[in-house]
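Please read the following walk-through with the structure open beside it. The text goes from the overall fold to single helices, then to the ligand shells and a few individual residues.

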Amino acid sequence: MKTRILFLLLLCAVILATISLVKSGSRIRLAGNDQGYQPAQPIAYSHRLHAGELAIPCLYCHSGAEKSRRAGIPAAGVCMNCHRYVTDVLGAVRAEEKLAGEEGRDPVPQTSLELKKLYDALEQGEPIVWKRVHSIPDFVAFDHRPHVAAGIICQSCHGAVETMERVRQEASLSMGWCVRCHRDLTGRTEAGKPVNPPLDCVACHY
Ligand code: HEC
Ligand code: HEC
Ligand code: HEC
Ligand code: HEC
Ligand code: HEC
């Protein structure tokens, strides 16, 4: 009898643990393989909208990829180049104009809830703490510059970011992934640039 109650308690504990694991699924990061990692961000910023529909070039916001090791995440000021004027999606602005017309009054300026977070952060002088998606260990040397200069497009390593509502880690970023491309991509890149990717250990490990 006693062992049976113990067994049932144990079963409940396992079920509860499983449920909480599944619920927090997107936050679990397996050591050495974060493929598919797609964390929620503090502002629901969409690459599908900005890089896809609006066709803003990747380098407009990630200019670091050409000039430094890191591609970098744009500061809020870059967003304000447009969002000083665009305070809500066109649909919401049009809907308010229509309603105001019907009610015979001036339209009220519209501000989207997501963009309000951007304005609040700027007003309070606080940075937006974006969640890091891609990350390789410190003992690996990765630099965006030589790759971008060789004419390898962002999508070769990051997938079709311009279709993603929320950025997802497409590649495994494992050593095998780096080495496979370095081994196979000899001669010329698609952009026609002659390249010679290194395969020796010290090229990638200091
Ligand atoms: C209008 C600005 C803007 C444009 C254009 C843009 N991005 Fe981003 N990008 C961001 C912001 C802001 C973040 C951080 C929030 C997030 O992850 O969505 C980000 C995050 C990323 C990340 C994940 C960074 C990490 O934490 O690992 C990748 C990869 C990325 N962008 C690639 C691209 C590519 C490829 C393009 C072009 C197809 C592009 N971006 C266009 C603003 C931009
Ligand atoms: C080149 C102009 C431009 C830049 C730069 C830009 N945006 Fe936008 N963004 C727009 C436009 C235009 C819309 C409205 C699209 C529509 O009407 O559907 C928009 C819509 C949005 C929305 C959707 C609002 C909602 O409620 O759905 C969010 C959130 C947003 N932008 C965040 C950002 C952030 C954060 C940055 C900086 C990393 C940024 N934008 C940079 C032009 C821009
Ligand atoms: C050869 C593969 C490769 C290419 C090409 C590439 N990236 Fe990356 N990217 C990576 C790797 C690997 C990381 C993780 C780096 C780290 O953790 O230090 C990364 C990280 C990032 C990050 C987040 C961290 C950072 O560096 O600031 C952004 C944003 C990003 N890439 C954007 C881009 C954009 C935009 C392009 C195209 C202009 C691009 N990447 C081209 C492999 C690549
Ligand atoms: C899609 C193919 C591709 C992937 C994936 C890739 N690389 Fe490369 N990498 C290249 C090419 C091409 C070059 C050679 C550029 C040249 O010769 O001008 C290069 C060059 C390098 C160099 C030499 C830089 C220099 O200054 O000469 C290092 C270091 C490097 N890559 C590290 C990495 C690491 C670390 C990863 C994985 C996280 C990685 N690469 C993933 C294609 C790739
Ligand atoms: C083109 C880049 C590249 C080259 C060349 C390279 N590595 Fe790596 N290596 C990596 C990356 C990236 C990781 C991190 C993998 C991860 O986080 O899953 C790594 C991880 C490792 C690890 C940690 C254990 C592991 O598997 O995660 C060891 C040990 C290692 N490398 C040894 C070597 C040796 C020895 C050589 C030469 C024969 C070498 N590497 C060549 C990119 C490279």
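What follows is an account of a predicted model.

The chain contains 11 helices and 2 strands. Read from the N terminus, the order of elements is α-α-α-α-α-α-α-α-α-α-β-β-α, with the two strands placed between α10 and α11. Of the 206 residues in the chain, 6% count as buried. The cut-off behind that figure is 20 or more other C-beta atoms within 10 Å of a residue's own.

Helix α6 covers residues 90-103. How many of its 14 residues are buried? The count is 0, and α6 is hardly covered. Its length can be checked against its residue count: at 1.5 Å a residue, the 14 residues should span 20 Å, and because the C-alpha atoms at the two ends are 20 Å apart, the expected and the actual span agree. The residue that follows α6 is G104, which has a positive phi, near 60 degrees.

The next topic is a pair of packed helices. Two packed helices are described by the angle between their axes and the distance between the axes. For helix α5 (residues 76-83) and helix α7 (residues 113-123), the angle is about 125 degrees and the axes are 11 Å apart. Angles of 65 to 115 degrees count as roughly perpendicular and those over 145 as roughly antiparallel; α5 and α7 are therefore oblique to each other. Their crossing is left-handed. Y119 lies in helix α7. The C-alpha atoms of Y119 and M80 are 8.9 Å apart, while the two residues are 39 positions apart in sequence. Is Y119 buried, exposed or partly exposed? Y119 has 16 C-beta neighbours inside 10 Å, so it counts as partly exposed.

Two of the ligands can now be taken in turn. Around ligand 1 there are 21 residues, and those that come nearest are C58, C61, V133, H134 and C154. Elements that contribute two or more residues to this shell are α2 (47-53), α3 (58-61) and α9. By class, the shell around ligand 1 holds 13 nonpolar, 6 polar and 2 charged residues.

Ligand 4 is surrounded by 23 residues, of which P146, C178, C181, V195 and P197 are the closest. Two or more residues come from each of α8 (144-149), α9 (154-158), α10 (175-184) and α11 (201-204). Which element gives the largest share of the shell around ligand 4? That element is α10, with 4 residues. The shell around ligand 4 divides into 18 nonpolar and 5 polar residues, with no charged ones. Helix α9 gives two or more residues to the shell around ligand 1, and α9 also does so for ligand 4.

A150 sits in the loop between α8 and α9. It has 17 C-beta neighbours inside 10 Å and so counts as partly exposed. A150 and K193 are 43 residues apart in sequence, yet their C-alpha atoms are 5.9 Å apart in space. A second contact in space links A150 with R188: these residues are 38 apart along the chain, and their C-alpha atoms are separated by 8.9 Å. R188 belongs to strand β1 (residues 187-188). Because R188 has 12 C-beta neighbours inside 10 Å, it counts as exposed.

Two residues remain, and they are discussed for their backbone angles. Most residues other than glycine have a negative phi. A55 is not a glycine, but its phi is positive, at about 55 degrees. A55 is placed in the loop between α2 and α3. L173, also a residue other than glycine, has a positive phi near 60 degrees, and it is found in the loop between α9 and α10. Which of the labels buried and exposed applies to each? A55 has 8 other C-beta atoms within 10 Å and is therefore exposed, whereas L173 has 20 other C-beta atoms within 10 Å and is therefore buried.

Methods:
Residues numbered from 1 in each chain as written. Chains lettered and ligands numbered in written order. Predicted model: local features only at pLDDT ≥ 70, side-chain atom pairs only at ≥ 80, totals over all residues. Near = placed C-beta within 6 Å. Nonpolar A, V, L, I, M, F, W, Y, C, P; charged D, E, K, R; others polar. Expected span 1.5 Å × (residues − 1). Axes fitted to C-alpha atoms, helices over the stretch in contact; angles between N-to-C directions. Parallel < 35°, antiparallel > 145°, perpendicular 65-115°, else oblique. Left-handed = near helix turned anticlockwise from the far one by under 90°.
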